[in-house]
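Here is a colleague's note for someone opening this structure for the first time. Please keep the view at hand while reading the numbered points.

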Amino acid sequence: MTLRQFLFTLATLFGTALPSHAETKPNIVIILADDFGWGDASCNNSEAVTKTPHIDRLAHEGARFTNAHTPHAVCTPTRCSLLTGRYCWRTELREGVLPAYGKSLIRPGRVTIASLLQDQGYRTGVFGKWHLGLDWVPVVGDPGDWHWGTQIWVKSQEAIAVVTARIDHTAPVTVGPTHLGFDTAFITPSNCTRVPVFIRNELVIGTPALDAQGMMRDPAVERDSVDDFHVKECLAFLSDWKKHHAGDPFFIYLPLNAIHDATRAPKRFKGTSKDGRRGDQIPWLDESVGKVTAALEQHGILDDTLIFFSSDNGPISPGRYLPDTTHRAAGPYRGYKSDTWDGGCRVPLLARWPKKIEARRVSDGLISLTDILPTLAALTGKELPKWAAEDGFNQLPLLFGETDASAREDLITQSSIGAIAIRKGAWKLILGTKGSGGPKTPDAAPLIVTQPWRFDQPISGQLYHIAEDPYETEDLYEAQPDKVEELQNLLVDRIALGRSR
């Protein structure tokens, strides 16, 4: 074992940073797409109907990770896990996504990517779709206990309007991005239709008013322009940094709303993709990525910036909003957004930083978005508290091509209704359902399947030998009871210990 490998082993076991990279502090940008599948990136899928040249540039000039996964198959929990390095089912949100006015899932004091970097002198900004909850101020006399008043799957405007009337939208939110490590924030609370207002730092801005349905709505929050506002604010942050803070590194988190169904393609892209409404939104996302990289280049700092690009989950299923197509948004993998099969959680992950990352490198090492926080801690020489990033692993050697091996041995993923899957080595176990684990799974009801806070295991599931059957076609659950028990026991250990790392 070399000294480098020995230090890597210690760092993996104890969560410490690797000192050899501590002196290097690049600017950092994380671009997170919405519902963008593994096969939507044409660098992953040569047969993609709509090409993504700006996204592909990151792969051509950096590394492409083909075995990257989100920890959850829907929006809110993945975003929580990305920023904290912690599986979201360890919070009170154990299935689905936050309701419109849910409180902040991340509480002040928890280490986030933003707070980690802010403590090291980074200027930090978030621009885009937040969907992690906010602590809103109630109107005078209201107890403020609405957080779970609109159930997770309730989407009616009437239900949201009841809560809207109980909130003082002129008061600053008391927990939001600026309380969690961000110096600057320009966000929509959820997607651009659920709470259609812009928030700058702690305050709702613009000219929002109650609409006919009782929803607080800002006419400036349009489905076909919302990301243009987010990118514009991101570029303004860069210009301000260049003018006033160029001596400090910066961190930008850019969670774009496209290509979620809540958005619509701008007129300049309508009908351009030959793949329907969703296909027309892909060039919009790609354009946004191109605007950011162009701005970094214009400021002369592109090669001084570590850029990550990924998505919060897989694509929506073709039966919902896609036309009949050969596009294969999830690539060759089974399943879509919400599902426990790989199409629900396997996503593009690209990283560009020419100073440390070799161009056109492709890695099949297992990596999760929960790993980004401890990886950045190692990069910047910051030792994490033991209680932080409980489910993230330092993947810096994998990122830099110093090893082909992942720092993690196993990975837990979760579907929209809470169905759990655990993979280790050649095997993947799905518990609680013989179906997809999505909201219409016939044999698994929400809040019944494999809740991580329970140690009794369901008596049904699926088992796949993913090394030989990566597309999950042959269920070996009944044929391999010993392997099922082994992976069940590993899952129970991960739950009981309160951490993976």
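**Rings, strands and a pocket**

1. The charged end of R334 is placed over the ring of W341, at 3.7 Å from its centre. A second contact of this kind involves R346, which lies over the face of Y333 at 4.1 Å from the ring centre. Please bear in mind, here and throughout, that this is a predicted model.

2. Turning to rings that meet other rings, a search of the whole structure gives 14 aromatic pairs. Among them is the pair of Y87 and W89, which is stacked, with 5.3 Å centre to centre and 25 degrees between the planes. As for their surroundings, Y87 is buried, and W89 is buried as well.

3. Another stacked pair is formed by F182 and Y253, whose rings are 6.3 Å apart centre to centre, with 25 degrees between the planes. The angle counts as stacked because it falls under 30 degrees, and the centres qualify as a pair because they lie within 6.5 Å. F182 belongs to the loop between helix 5 (157–164) and strand 5 (184–188), whereas Y253 belongs to strand 10 (residues 250–255), so the pair ties together parts that are 71 residues apart in sequence. Both F182 and Y253 are buried.

4. Beyond these pairs, it is worth locating one aromatic cluster, which is made up of F127, F237, W241 and F250.

5. Is strand 4 (residues 123–129) largely enclosed or open, and why? Of its 7 residues, 6 are buried, so strand 4 is largely enclosed by the rest of the structure. Strand 4 pairs with strand 10 in the parallel sense over 4 bridges, and in this pairing T124 stands opposite F251 of strand 10. Strand 4 also pairs with strand 5, again in the parallel sense, over 5 bridges, and there G128 is found opposite I187 of strand 5.

6. Finally, a reader may wish to look at the second largest pocket, which holds about 290 Å³ of space. Its lining consists of 17 residues, and those that lie nearest the centre of the pocket are N67, L366, R423, G425 and I466. Sorted by class, the lining of this second largest pocket comprises 6 nonpolar, 4 polar and 7 charged residues.

Terms used:
Residues numbered from 1 in each chain as written. Predicted model: local features only at pLDDT ≥ 70, side-chain atom pairs only at ≥ 80, totals over all residues. Heavy atoms only, no water. Phe/Tyr/Trp six-rings, centres within 6.5 Å; stacked < 30°, edge-to-face > 60°. Buried < 20%, exposed > 50% of the residue type's maximum accessible area, 1.4 Å probe, protein only. Helix = DSSP H or I, 4+ residues; strand = E, 2+ residues; numbered from the N terminus. Lys NZ or Arg CZ within 6 Å of the ring centre and 35° of its normal. Pairing = 2+ DSSP bridges. 1 Å grid on protein atoms, 1.4 Å probe; cavity = no way out; pocket = protein on both sides within 12 Å on 5 of 7 lines; lining within 4 Å. Points joined across faces, edges and corners; volume = space filled by probe spheres on them. Nonpolar A, V, L, I, M, F, W, Y, C, P; charged D, E, K, R; others polar.
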